[in-house]
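Colleague: Could you take me through one part of this model slowly, as you would for someone in a first year of study? I would like a close look at the sheet and at what surrounds it.

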Amino acid sequence: MSRSTLGSKGGSAWRWRLSPGGLLRELLARRGTIEAPLYGESASDLALIRETRCRVPLLLSDIAALHVLLCARAAARLGGSMAEAGVLMGGSARLICEVKGTADLHLFDTFDGPLEEEPGGMSRQAAELRGHFGDISGQLAVVRDLLQPYPGVCIHSGIFPATASGLKDQRYSFVHLDMDLASSTRAALDYFHPRLMPGGILVGDDYNDPGVAGVFRAFFASRKDSLIELPWGQVIVARTEG
């Protein structure tokens with residue numbers, strides 16, 4: 001290969017392909033995945049994610065968990081409280097606890113409590129949750145034990161949004177939604193969005209689900225907030241309104 005060829009655009013492409021990891025990046029890209037180096041604190045953040053994954057089930061991919069961690073860290077400077085709706089075993093809540101500083105963290109989940117709410121039977125909302133999740137639920141004792149070292153953790157066990165009825169005056173700098181269902185996601189947006197501080201960040205999971213994505217798009221269609229759709233099934237909302 002001549003010197004002139006190496007200096008051309010084609011030569012640059014070959015240098016990229018032959019650089020360390022270049023062929024792997026190209027192969028992964030063709031398969032719809034990506035590979036990228038990590039800089040600064042990200043290597044230790046990834047170590048925290050993997051250490052947490054060894055303690056409890058964490059259903060988020062590494063990159064999705066990393067985004068929750070980074071967004072919570074960025075929002076901590078705003079003050080206010082933080083929240084997570086859809087806690088399961090507390091893995092992502094632990095990541096938030098590591099970077100939240102002195103902020104209170106409000107956790108909402110049915111956990112392993114009974115879903116019956118109405119006399120004589122199960123409410124419509126409880127039946128929808130039972131139909132979707134079956135016997136899968138977070139274990140409150142496991143979550144309490146995992147998060148015991150962190151101050152300011154407030155656990156609200158039961159069906160959302162009834163469990164937020166005493167928190168009408170809260171203001172949130174960061175919210176993580178991992179609720180699976182479109183109806184639950186809409187209820188969460190109705191509660192959290194008016195209480196999200198200017199500059200606050202909301203991260204939503206399950207965005208690869210058409211129903212959940214449709215709820216987000218419809219909710220923010222007439223609002224000025226920035227809606228950032230991420231290709232691995234997450235969405236980030238940056239609150240721009242007061």
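Modeller: Helices and strands here are DSSP runs, a helix having at least four residues and a strand at least two, and they are numbered from the N terminus. Counted in this way, the protein chain of this predicted model has 10 helices and 7 strands. An open sheet of 7 strands is found, and reading across the sheet gives the order 3-2-1-4-5-7-6, with pairing that is mixed. Strand 3 (153-157) and strand 6 (226-230) stand at the edges, and because each has a single partner strand, one side of each is left without a neighbour in the sheet. From one strand to the next, the twist averages 15 degrees.

Within this order, strand 5 (residues 196-204) and strand 7 (residues 234-238) run antiparallel and are joined by 4 bridges. Looking at single residues in this pair, one finds Leu202 opposite Val237 in strand 7.

A helix belongs to the picture as well: helix 9 (residues 182-192) lies across strand 1 (81-85), strand 2 (105-109), strand 4 (172-177) and strand 5, and the angle at which helix 9 runs to strand 4 is about 180 degrees.

Turning from the sheet to the whole protein chain, 43% of the 242 residues count as buried, where buried means under 20% relative accessible area. Among the contacts in the protein chain with a separation of 6 or more, 67% are accounted for by residues 24 or more positions apart. Finally, the accessible surface of the protein chain comes to about 12600 Å², and 56% of that surface belongs to carbon and sulfur atoms.

Definitions and conventions:
Residues numbered from 1 in each chain as written. Predicted model: local features only at pLDDT ≥ 70, side-chain atom pairs only at ≥ 80, totals over all residues. Heavy atoms only, no water. Pairing = 2+ DSSP bridges. Axes fitted to C-alpha atoms, helices over the stretch in contact; angles between N-to-C directions. Contact = heavy atoms within 4.5 Å. Buried < 20%, exposed > 50% of the residue type's maximum accessible area, 1.4 Å probe, protein only. Areas by Shrake-Rupley, 256 points an atom, 1.4 Å probe, with all protein chains shown as cover.
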